[in-house]
Amino acid sequence: MENTAVNRKHMITLSIIFIICVLTEVFVCNANSFRMGLNPSGTYEQKKYTLDQLEITNADVNTAEGTVTCRSDYGGSVFIHIKDIDTTIGSIYMDLTIPDSVLHYVVCYTDEANAKFYRSFDREYVTGVDRTKWFVCHLSGRSAEMIIRLDGLEDGYSFSLKEIQVNKPVPFCFLVTRFMALFLIASGIYLIGRSGFFLSTAKNWKHNIVLAAVCAVFLLISIIIYNNSYGDVRLNLMYNCDFTDVLIKRQLHLDIDVSDSLRALENPYDTSVRQTQGVEYSWDTAYYNGKYYCYFGVVPALLFFVPYKLITGTYLQCNIVVMVSYAVYMLFLDITLIRIMRRAVADMPFGMEMTALTILNAAVNIFHFAAEPSFYMVLYAVGLMFVAAGFCCFAFWYTGRRTNRLLLFLGAVCLSLAVGCRPPLLMYTLLIIPFGIRVIMEKRKAAIADMTVLLIPYLVIGSALAAYNYLRFDSIFEFGVKYQLTAQDQVHGTSSLYEVPTLLWLGLFQPLHFSAVFPYVFSPDSANNYAGHFFIGPGLTSLTGQTPLLWTLFMPFVWKKWRTDHDAFPCIALAFSAGTGIVMLVLMLLNSGVEWRYTSEVAPILCIAAILLTANIVSRADQEVTSFLLTLLFLTAVYSFAVSFFRAIAGPFGYTRTYHPDFYYALERAFSFWK
């Protein structure tokens, strides 16, 4: 009877939330549709201007054909002057046909507070996004005139202009996805700390379906972003073309001619000398003993690109490999997280599992990889896929009866293959050490067979990689990174521990920047006074800035609580894992620099450690505190999801906005509904 009353209360509250969200979508997100549509006072008088009624300067105007053509000898900008408005402007509607996808413009206006074009604002007209035909104004009283200024147009740029309307009503648009997002967030805030479904510590198939749905949402959004980001497939790349060809020919060096100017340099790795002297060279290759080599890991090429070329006769696109591999990586990682959480903190509420999964998936940047799937990302995506698959095998082997040595073998194969993608991923193998020691202590004689099964893949694959390195660079440990021709000299460049504080600030602690302009979340300032050089990539996003839950790692009381509630081994294992993650982060920052693709490699370790510490606190709290903590964690998950999504849409190189502006600006208008 009590459960029935509680469920009835939840249903009534959810119904109220549903109605509020509907009203919000109708009357808040579509407020501009009612503003001029319902105009009983006649404040917003509608007026229409055709091309022959507009004053257009610095361009040739053909009123018969309705075209405007920019001429550079007339001036640097085209001005569309709307005169004799003499009414309050609520919106401006423009019916244009432009030769490309986006036309940026500046609006200069007059009103009762600005008689001389003192104020202005920016807008954009986007082909395929009808909402951009309007821009909404909130000016001070009546306006006399307005100028639409088009800057930076090339000579001969021509567009057609059918009409401009003042105060044409903005169309009503009930956006289902926006409404659903609002409803899910509001419902989640209410239910996460009150519903027995989320507070339950006994998990069933319904809970597993919800977890699968969380994962599916990330995958679906990633696929949508991917399909609307990388418009240029760029097949003719060194890795998937040149490198694939030479591997098929059983050749180690690339078939790229070395210029005499590069051969003549005393230090060919000095980027400043190559640039100032105009030396011809192949970017992002390794140069050694007069030949070019590929320093990117050989494993993805051997497993995917070479077989694809042999079977189909065509080159496999790097962006496809990135998207598929990273999706598989996230699936294995999610399974591993749930397996570890249910083993280490079995009595945690389901709400903790769901929010943890959301935070982890946001932290590992699947949206970023979907938005920027260039060939640089191949090694990260494939390498992390093998890491997650390896640890998934280990998790099921270790938490089972530890008799299925096939899982142990497959786990070792995957982790050793990851090293052939990205050598720094070898650090992940260190996480096995505490568990290996415990297995040896518990099983002793049987552990010899386990360790043999574990070591065989490392020895075989490691020996093959060592031979591959030696044949190219006369060193079994050199993958070619030292001899790369990129932005900095790796042969003579040095790193210093004095860099660590600045690098940790930029890569781990620095807060993000927020703005009222879409996409709202921006990279922080990377300026520093360090007298030395390290790489700072575009799209700088600190780990704690994107995933605030990581601050848990620096709270002594949560570690003390973990030590109190667990035996010695879980304490050692978690501390060792978190410490390994921090060391891996520092080494990565020193050797590679600060960029989201570098920190994405270490994010899973730190995030899972923070999740386990938090889950332990939640599971030991009373019901009232648990409800509060779950609500707070849900809000944290929403924040991390939003940051990951918006940072991906912006992108370090803006692929989404460049290749699919219709998608980008449709999103922009959906979120910036007031425009």
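How many of the 6 residues of strand β5 are buried? In this predicted model, the count is 5 of the 6 in β5, residues 77-82, so the strand is largely enclosed by the rest of the structure.

Let's look at what sits beside β5. Strand β2, residues 55-57, runs antiparallel to β5, and 3 bridges join the two. If you want a landmark for that pairing, take I56, which stands opposite I80 in β5. Strand β12, residues 146-151, also pairs with β5 in the antiparallel sense, this time over 6 bridges. Here the residue to look for is H81, which stands opposite I147 in β12. A reminder while you are looking at these strands: in a regular strand the side chains alternate between the two faces of the sheet.

There's another antiparallel pair to visit, made of β8 (residues 102-111) and β9 (residues 114-126), with 9 bridges joining them. These two strands form a hairpin, and 2 residues lie between them. To get your bearings in the hairpin, find Y105 and look across to R123, its bridge partner in β9.

Now for the helices. V453 is found in α16, the helix that covers residues 445-473. With a relative accessible area of 17%, V453 falls under the 20% cut-off and so counts as buried. Which residues does V453 touch, once its neighbours within four places in sequence are left aside? They are R405, L408 and F409. For a sense of scale, try G141: it is 312 residues from V453 in sequence, and the two C-alpha atoms are 80 Å apart in space.

T614 makes a nice counterpoint. This residue has its place in helix α21, residues 596-620, and it is buried, with a relative accessible area of 10%. T614 and M348 are 266 residues apart along the chain, yet their C-alpha atoms are separated by 10.0 Å. Not counting residues up to four places away in sequence, T614 touches M352, L549, T552 and L633.

Helix α21 comes up again when we turn to empty space. Rolling a probe the size of a water molecule over the atoms shows where such space is left. A search of the whole structure finds 3 cavities of 30 Å³ or more, and the largest cavity holds about 60 Å³ of space. Which residues line the largest cavity? The list runs A363, N365, T541, S542, L543, Q546, T547, W596 and T599. Two elements give two or more residues to this lining, namely α18 (543-546) and α21. As for chemistry, the lining divides into 3 nonpolar and 6 polar residues, with no charged ones.

Last stop, the cysteines. A disulfide is a covalent bond between the sulfur atoms of two cysteines. How many disulfides does the structure hold? The number is 0. Take C21, which is in no disulfide: the nearest cysteine sulfur belongs to C29 and is 9.8 Å away, whereas a disulfide needs the sulfur atoms within 2.5 Å. C21 is also buried, with a relative accessible area of 3%. C318 is in no disulfide either, and the nearest cysteine sulfur, that of C241, is 7.5 Å away. Is C318 buried or exposed? It is buried, with a relative accessible area of 4%.

Terms used. Residues are numbered from 1 along each chain as its sequence is written. This is a predicted model: local features need pLDDT of at least 70, side-chain atom pairs count only at pLDDT 80 or more; totals for chains, interfaces and linings use all residues. Side-chain values use heavy atoms; hydrogens and water are left out. Helices (H or I, at least four residues) and strands (E, at least two) are DSSP runs, numbered from the N terminus. Buried means under 20% relative accessible area, exposed over 50%, partly exposed in between (1.4 Å probe, protein chains only). Contact means heavy atoms within 4.5 Å. Two strands pair if DSSP finds at least two bridges between them. On a 1 Å grid over the protein atoms alone, a cavity is a set of points where a 1.4 Å probe fits but cannot get out, and a pocket is an open set with protein on both sides within 12 Å along at least five of seven lines; lining residues have an atom within 4 Å of a point. Grid points are joined across faces, edges and corners, and a volume is the space filled by probe spheres set on the points. Ala, Val, Leu, Ile, Met, Phe, Trp, Tyr, Cys and Pro count as nonpolar, Asp, Glu, Lys and Arg as charged, and the others, Gly among them, as polar.
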